Amino acid sequence: MKQRVTWNCLDCDVEYPVSEGFIQFISDEEVFRSSKREAVMRAIYARFYSPLTRMMFIPCGGEKNARQEVLENLEITLDSLVLETGIGIGDNISYLNGILHGRPYYGLDNQQIMLRECNKNSHKWNQPVLLYRANAEALPFKDNSFDVVFHLGAINLFKDKKSAIDEMIRVARPGTRIVIADESEKASKLFAIFVGHHDPVVPPVDLIPSEMLEISLKSIWNDYGYLIKFRKPW
Ligand SMILES: C[S@@+](CC[C@H](N)C(=O)[O-])C[C@H]1O[C@@H](n2cnc3c(N)ncnc32)[C@H](O)[C@@H]1O
């Protein structure tokens with residue numbers, strides 16, 4: 001008989017299931033509650049994720065350049081604890097490997113299939129990664145936990161962007177720079193050729209609370225992307 005593994009949160013006294021080593025703060029039912037179509041589309045996307053990602057980065061200057069254009073904004077030092085929300089299969093880790101010095105990297109994603117691939121990749125790259133299945137809009141971490149908090153590539157489609165940003169701020173230590181990047185309106189229009197529709201993209205800079213410091217929005221990826229960065233006050 002298969003044993004049911006759970007993890008008990010001592011702070012909130014809730015028992016969460018553990019599947020393939022990942023604490024499940026969210027279930028398939030919750031992720032795909034909105035539509036079956038979304039579940040099917042996401043499964044297809046996950047299956048062809050790497051080649052599709054490489055292809056999507058071509059107009060942005062190529063995957064390596066495009067990722068570096070984002071990652072160079074992170075303030076990683078020798079003892080930083082890094083959190084990436086919406087980590088996917090962990091592609092950014094391979095670019096940061098040289099500066100993480102074997103320190104664990106924290107990542108979360110709401111799709112089990114992505115976490116599974118990310119876990120395999122972390123072994124391949126010999127980089128310890130602590131992975132959680134959770135929603136970026138409700139992070140399962142305590143306040144003021146991380147020195148680097150960033151997100152790349154999904155916030156345009158988040159149902160609740162404001163909560164996702166507020167959560168990044170909550171778990172960041174005072175003084176942390178927070179970085180958010182995604183496709184711009186120009187990219188969304190281009191990809192509409194393949195998906196048949198496009199939702200207008202508005203970089204969510206107006207959702208950054210006004211008390212944050214050094215708030216900036218800039219165009220990246222040959223105008224196919226935007227990058228928002230700001231600092232949590234000390
Ligand atoms: C385009 S991928 C980018 C992955 C990674 N950040 C990168 O740069 O390669 C976006 C990822 O965000 C995840 N995602 C989408 N919505 C999410 C949400 N609300 N909470 C957590 N993860 C989410 C998807 O499952 C997917 O793995």
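Author: A polar contact is a pair of N or O atoms within 3.5 Å; within protein, one must be able to donate a hydrogen and the other to accept it, and residues adjacent in sequence count only if both atoms are side-chain atoms. The model is predicted: local features need pLDDT of at least 70, side-chain atom pairs count only at pLDDT 80 or more, and totals for chains, interfaces and linings use all residues. Residues are numbered from 1 along each chain as its sequence is written, and side-chain values use heavy atoms, with hydrogens and water left out.

Reader: What makes the side chains of R133 and Q24 a polar contact?

Author: They come to 3.0 Å, and the limit is 3.5 Å. R133 also has a polar side-chain atom 2.9 Å from the backbone oxygen of N110.

Reader: Why is R133 called buried?

Author: Its relative accessible area is 4%, and buried means under 20%, with exposed over 50% and partly exposed in between (1.4 Å probe, protein chains only). So R133 counts as buried. R133 sits in strand β6, residues 129-133; helices (H or I, at least four residues) and strands (E, at least two) are DSSP runs, numbered from the N terminus.

Reader: What makes R133 and D28 a salt bridge?

Author: Their closest N and O atoms are 2.8 Å apart, so the pair passes the test: a side-chain nitrogen of Lys or Arg within 4 Å of a carboxyl oxygen of Asp or Glu. This pair links distant parts of the chain, with D28 in helix α1 (residues 28-31), 105 residues from R133. D28 is partly exposed at 40%.

Reader: How many salt bridges does a search of the whole structure find?

Author: There are 13. One of them pairs R116 with E20, closest N and O atoms 2.7 Å apart. R116 is in helix α6 (residues 112-124) and E20 in the loop between β2 (15-19) and β3 (22-24), so parts 96 residues apart in sequence are tied together. Both ends count as partly exposed: R116 at 33%, E20 at 44%.

Reader: Where do E167 and R170 lie?

Author: Both are in helix α7 (residues 161-171), three residues apart, about one turn of the helix. Their side chains meet in a salt bridge at 2.7 Å, N to O. E167 is buried at 13%, while R170 is partly exposed at 23%. Elsewhere, E75, R177, E214 and R231 are joined into one network by salt bridges that share partners.

Reader: What is unusual about phi in E214?

Author: Most residues other than glycine have a negative phi. E214, in strand β9 (residues 213-220), has a positive one of about 50° and is not a glycine. D223 also has a positive phi, about 80°, without being a glycine.

Reader: Now the ligand: which residues are closest?

Author: R67, E84, G86, D109 and A136, out of 21 that surround the ligand, each having a heavy atom within 4 Å of it. A polar side-chain atom of R67 is 2.8 Å from a ligand oxygen, and a polar backbone atom of A136 is 2.8 Å from a ligand nitrogen. Both distances, 2.8 Å for R67 and 2.8 Å for A136, fall within the polar-contact limit.
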